[in-house]
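Thanks, everyone, for making the time. I will put the structure up first and then talk through what can be read from its coordinates, one chain after the other.

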Amino acid sequence: MSNVIACIDGSSAMSAVVESAAWASAQLTAPLTLLHVIEEGHAAARQDMTGHIGLGSRERLLEELAELDAQKGKLLLEHGHQLLDEAKRQVLANSKVTDVAMRQRHGALVESLLALAAETRLLVMGVHGEDHGAGSHIGSQLETVLRRVHKPILLTPDKFTAPNSVMLAYDGSASTKKAIELLAKSPLFAGMPVHVVMVGADSDTNNAALDWAREALQQGGHQVETAIVAGDVEPALHQYQDQHQIGMMVMGAYGHSKIRQFLVGSTTTAMIEASKTPLLILR
Amino acid sequence: MFKYLKEHWFFNTKNDLLSGIVVALALIPEAIAFSIIAGVDPKVGLYASFCIAVIIAFVGGRPGMISAATGAMALLMVTLVKEHGLEYLLAATLLTGVLQIVAGYLKLGELMRFVSRSVVTGFVNALAILIFMAQLPELTDVTWHVYAMTAAGLAIIYGFPYLPVIGKAIPSPLVCIVTLTIVAVALGLDIRTVGDMGQLPDTLPVFLWPDVPLTLETLRIILPYSIGLTVVGLLESMMTATIVDDLTDTSSDRNKECRGQGIANIGAGLFGGMAGCAMIGQSIINVKSGGRGRLSTLTAGVFLLIMILVLDEWLKIIPMAALVAVMIMVSIGTFSWGSIRDLKKHPLSTNIVMVTTVAIVVATHNLAIGVAVGVLLAALFFANKVGHYMHVRSSIDNDGKTRRYDVIGQVFFSSSEKFIASFDLKEAVDKVIIDLSHAHFWDITAVNALDRVVIKFRREGAEVEVIGLNEASATIVDRFGVHDKADAEDILSGH
């Protein structure tokens with residue numbers, strides 16, 4: 001069963017994540033799963049500097065450590081239940097979605113998402129995580145998740161409003177062409193105008209690529225507008241978005257080589273940091 | 001990259017540093033004691049511990065596990081050192097490292113699953129006994145001062161933690177060594193000290209290639225020792241990795257650990273140290289003191305070297321009685337006392353395997369042989385037990401002219417004689433039906449047994465019909481990999 005999986009973590013963006021997941025679940029008519037990952041499941045290491053072992057040390061040590069971890073684990077599990085119950089209540093009260101499941105997992109966020117990858121259709125996460133106030137830096141685990149989990153990811157800022165138009169950052173490459181094909185078939189943006197925007201020069205190849213994109217989307221029954229804008233990728237795209245009041249952006253991720261990213265910085269990270277609307281990332 | 005460092009090295013910095021220091025303090029007497037067991041200068045064991053601990057911190061697969069020169073490995077080196085000398089030991093260490101890296105690439109770490117729990121317990125108990133026995137030469141033919149000092153040392157080690165405030169802040173082995181040294185010097189006792197046992201390090205380890213001829217003759221000499229060292233080293237490391245996995249509730253990469261052990265041993269051999277492996281006692285102490293990451297192992301190795309270079313004058317005057325007390329503590333902690341209690345609870349076959357492993361190791365002073373015998377015994381007991389899972393039902397019908405045999409269960413070499421004996425071969429019937437659809441044939445012995453039965457019946461003029469042979473012999477094929485097919489449960493369900 002391919003679900004929409006929403007990552008619940010008790011941060012300030014949590015209700016926005018829940019709303020956007022409910023919206024996506026309704027658009028796709030896919031069941032919604034609320035996922036809470038318990039990461040710091042082990043109690044802090046104890047300090048016993050006696051440096052000696054006696055009769056049955058190993059068994060006793062294991063029991064002690066297990067007992068400490070158990071106490072902490074129970075609290076975390078209980079906390080997780082509360083978060084998930086609150087999120088489910090919010091979904092049922094504010095949207096038409098009825099098929100809501102709740103799950104908790106232990107371990108790192110990335111490992112849990114990879115374990116659930118087979119049943120994921122769309123992943124929904126907040127841009128900011130638990131460790132942030134409303135700062136402008138993206139969550140610490142976001143980059144790892146984006147790189148390793150090869151499923152579509154919907155990133156939500158601290159407030160969510162359902163979009164009525166959507167924009168795709170297009171550069172004519174194979175991965176963005178695949179994104180266009182996916183968008184054309186998907187019911188996620190049914191009935192919304194789609195803007196296909198390319199950052200670059202007004203050349204023949206670019207125009208030809210845009211024409212191809214327009215046809216592919218129109219075949220899918222979408223209303224299409226295309227544009228070529230000049231300048232730096234991130235400011236140009238966001239300027240276009242503001243001009244046309246577009247509610248959601250779609251893009252690929254981490255297209256450049258790692259060395260270029262280390263030296264120059266990642267376009268993807270810049271886009272995510274500056275984004276004020278939900279952002280759908282396709283790999 | 002910083003993220004990698006933060007995640008794998010510096011997530012538990014304060015505790016790792018402190019526990020590394022505790023471990024290093026206990027490692028010094030152990031490395032000296034194990035060098036003496038092997039018959040080499042204490043500096044060989046100390047350099048080995050430093051090199052192995054530092055290298056494993058970087059390339060090992062189990063963060064938080066302490067590797068250094070160990071008793072298990074030292075016991076295997078005794079004859080090599082006695083007959084051929086230190087240089088051959090270093091060459092054997094290098095070869096051990098190479099073999100361990102090969103084992104890592106061949107994924108031999110996975111072979112641990114064939115070593116049953118009772119063999120592991122036997123290994124650990126035998127190791128504890130051997131460490132204790134290695135202390136006895138220091139306790140025989142000596143004055144009563146030595147006995148008194150040793151007893152006092154043990155009292156300090158076990159009693160010191162009960163003191164308020166400082167009891168849990170300073171490692172008791174350290175207190176024991178310092179106290180006994182002061183007492184020995186103050187009273188001017190004439191007892192053996194570390195300095196009497198050989199040379200201690202006074203420089204950083206020096207790179208040197210072992211001074212042995214590069215001939216087949218050398219290989220012939222060191223290969224048997226290296227194989228033994230490889231097996232014992234990897235066994236103890238895999239077992240310790242399991243223990244640390246359980247204590248820290250994290251998983252480890254076994255094959256990476258094998259390769260890491262190999263690299264560490266090569267490093268030890270090139271810097272004048274003996275072969276080593278993971279240490280159960282020290283790893284438990286490390287986890288107990290709060291160490292969880294690679295930084296604790298690195299700290300232990302570096303601190304060890306700093307201490308022995310800075311304190312080499314004082315190391316010489318430590319009385320052997322203090323080291324003996326620490327080693328007795330280690331052997332008491334390593335022995336699995338629960339296994340004595342469990343002797344009453346566990347089935348006889350388990351107890352026989354465990355006790356046999358211990359007995360053979362103590363008799364031969366070779367852990368590899370003991371484990372081999374233990375694994376063999378455990379496998380035989382297992383085959384015997386499963387051989388009981390076979391039952392043949394018989395019924396007669398058709399006015400006494402047809403006999404039907406239903407075979408249920410596992411037919412293989414252990415149960416094939418019983419299989420044959422279950423058929424009444426002297427009964428005169430017209431037709432015999434042998435129904436195998438609920439039986440599993442596991443090897444050619446079973447098929448052969450079936451053939452013999454069929455031929456015997458035919459010779460008596462009975463017509464034989466065998467039903468369900470295809471399903472039954474599906475289990476003879478080596479790679480039938482049934483576990484991932486949808487009907488696996490039906491095929492493998494118990495009877």
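Let me begin with contacts inside chain B, where, of those joining residues at least 6 apart in sequence, 84% link residues at least 24 apart. Please keep in mind throughout that this is a predicted model, and that the values I quote are computed from it.

Staying with chain B as a whole, its secondary structure amounts to 21 helices and six strands, and its C-alpha trace extends over about 100 × 50 × 50 Å along the principal axes. Of the 495 residues in this chain, 48% are buried. The domain assignment splits chain B into domain 1, covering 11–379, and domain 2, covering 388–492, and the C-alpha centres of these two domains are separated by 53 Å.

Within chain B, I would like to pick out helix H10, which runs over residues 254–270. What length should we expect for its 17 residues at 1.5 Å a residue? The expected span is 24 Å, and since the end C-alpha atoms of H10(B) lie 25 Å apart, the two values agree. As for its surroundings, 14 of the 17 residues of H10(B) are buried, and the helix is therefore largely enclosed by the rest of the structure. Just beyond H10(B) comes Gly272(B), with a positive phi of about 80°.

That brings me to backbone angles, and to the background that most residues other than glycine have a negative phi. Against that, Asp141(B) has a positive phi, near 60°, and it sits in the loop that connects helix H6 (117–139) to helix H7 (144–159) of chain B. Is Asp141(B) buried or exposed? It counts as exposed, because the number of C-beta neighbours inside 10 Å is 7, where the cut-off for exposed is 12 or fewer.

Chain A offers a second case, Gln245(A), whose phi is also positive, near 50°. This residue belongs to the loop between helix H7 (233–244) and strand E9 (248–252) of chain A, and, with 10 other C-beta atoms within 10 Å, Gln245(A) is exposed.

Now to the sheet of chain A, which is open and mixed in its pairing, with 10 strands in the order E3-E2-E1-E4-E5-E10-E9-E6-E7-E8. At its edges stand strand E3 (100–106) and strand E8 (224–229) of chain A, and because each has a single partner strand, one side of each is left without a neighbour in the sheet. From one strand to the next, the twist averages 25°.

Looking at one pairing in detail, strand E1 (residues 3–8) and strand E4 (residues 120–126) of chain A run parallel and are joined by four bridges; in one of the pairs, Val4(A) has Leu122(A) as its bridge partner in E4(A).

Two helices of chain A lie across these strands. Helix H1 (residues 14–28) of chain A crosses E1, strand E2 (32–38), E4 and strand E5 (153–156), and its direction makes an angle of about 155° with E4(A). Helix H2 (residues 57–94) of chain A lies across E1, E2 and E3, running at about 155° to E2(A).

Finally, the two chains together: 20 residues of chain A are in contact with 32 residues of chain B. The chain A side of that contact is made up of seven nonpolar, eight polar and five charged residues.

Terms used: Residues numbered from 1 in each chain as written. Chains lettered and ligands numbered in written order. Predicted model: local features only at pLDDT ≥ 70, side-chain atom pairs only at ≥ 80, totals over all residues. Domains from an automatic or database assignment. Contact = placed C-beta atoms within 7 Å. Nonpolar A, V, L, I, M, F, W, Y, C, P; charged D, E, K, R; others polar. Expected span 1.5 Å × (residues − 1). Buried ≥ 20, exposed ≤ 12 C-beta atoms within 10 Å, placed from the backbone. Pairing = 2+ DSSP bridges. Axes fitted to C-alpha atoms, helices over the stretch in contact; angles between N-to-C directions.
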